[in-house]
Amino acid sequence: MPGQIYNDSFYYSEDQISYFITSIISDRIVFYQDISNEWWQSVRNDDTQIRKYVTDKFARDFYPRVVVIRKKQFDLDYDLPFLKSHILSKIASGQFSYQYEPEKTLVKTTHVMHFGVASILKDSKKYNPRLAITVSL
């Protein structure tokens, strides 16, 4: 059924989706866009250049593309294209805020006991420098 998404026990049409989205999640969504550290160092004091970069690159280079609403996952590209177009129009009109997040590495340590032998497993995840882009719905 094009133009409708399933939720719990009934369908929402596209004209009902704005009420649905704003009543289910907060009125802001945060997306991320990877950037290079060198680029950030050169433009960090130039708001117009940062906004131009976000506006030009956002449509093809943002994540997460899957949002969770009431414990159900929706892909913005396939399940909610009207929400995606709403977000893209907000970005194009400059109605967003951004914040720089430096490169970071998160390390998780897990202790596993297997046949009486204790093992320590380390899982590290590296995040590139990125912009956190907040869009109001």
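**Entry 1: Ile91 and its helix**

I looked up the contacts of Ile91 in this predicted model. Neighbours within four places in sequence aside, Ile91 touches Val54, Thr55, Phe58, Phe96, Ile133 and Val135. Ile91 is one of the buried residues of helix α4, together with Phe82, Leu83, Lys84, Ile87 and Lys90. I noted that in an α-helix residues three or four places apart point the same way, because there are 3.6 residues a turn.

I then checked the length of α4. Its twelve residues should span 16 Å at 1.5 Å a residue, and the end C-alpha atoms are 16 Å apart, so expectation and model agree. After α4 comes Gly94, which has a positive phi near 85°.

**Entry 2: The nonpolar core**

Which residues touch the most other members of the largest nonpolar core? I found Phe31, Trp39, Phe58, Ile87, Ile91, Leu131 and Ile133, in a core of 23 residues. At least two residues of this core come from each of β3, α2 (37-43), α3, α4 (81-92) and β9 (130-136). The largest contribution, four residues, is that of α4.

**Entry 3: Strand β9 and its partners**

I turned next to β9, in which six of the seven residues are buried. Strands β3 and β9 run antiparallel and are joined by seven bridges. Within this pairing I recorded Val135 of β9 as the bridge partner of Ile29. Val135 had already appeared among the contacts of Ile91.

Strand β6 (residues 96-101) also pairs with β9 in the antiparallel sense, over six bridges. Here Ser97 stands opposite Thr134 of β9. For reading the strands, I kept in mind that side chains in a regular strand alternate between the two faces of the sheet.

**Entry 4: Aromatic pairs**

I counted six aromatic pairs in the model. The ring centres of Phe31 and Phe62 are 5.2 Å apart and the planes meet at 80°; planes over 60 degrees apart count as edge-to-face, so I entered the pair as such. Phe31 belongs to strand β3 (residues 28-34), whereas Phe62 is in the loop between α3 (47-57) and β4 (66-69), so the pair ties together parts 31 residues apart in sequence. Phe31 has a relative accessible area of 1% and is therefore buried. Phe62 is buried as well, at 5%.

How are the rings of Phe58 and Phe62 arranged, stacked or edge-to-face? I found this aromatic pair stacked, with 4.6 Å from centre to centre and 10° between the planes. Both of these residues are buried. Phe31, Phe58 and Phe62 together form one aromatic cluster.

**Entry 5: Charges over rings**

I looked for charged ends placed over aromatic rings. That of Arg65 sits over the ring of Phe62, 4.0 Å from the ring centre. Arg130 lies over the face of Tyr32, and I recorded 4.0 Å to the centre of that ring.

**Entry 6: Lys125**

Finally, I examined Lys125, which lies in strand β8 (residues 117-127). Which residues is Lys125 in contact with, leaving aside neighbours within four places in sequence? The contacts are Lys104, Thr105 and Leu106. I also recorded a C-alpha separation of 8.4 Å between Lys125 and Lys108, which are 17 residues apart along the chain.

Notes. Residues numbered from 1 in each chain as written. Predicted model: local features only at pLDDT ≥ 70, side-chain atom pairs only at ≥ 80, totals over all residues. Heavy atoms only, no water. Phe/Tyr/Trp six-rings, centres within 6.5 Å; stacked < 30°, edge-to-face > 60°. Buried < 20%, exposed > 50% of the residue type's maximum accessible area, 1.4 Å probe, protein only. Lys NZ or Arg CZ within 6 Å of the ring centre and 35° of its normal. Core = buried A, V, L, I, M, F, W, Y, C linked by side-chain atoms within 4.5 Å. Contact = heavy atoms within 4.5 Å. Pairing = 2+ DSSP bridges. Expected span 1.5 Å × (residues − 1).
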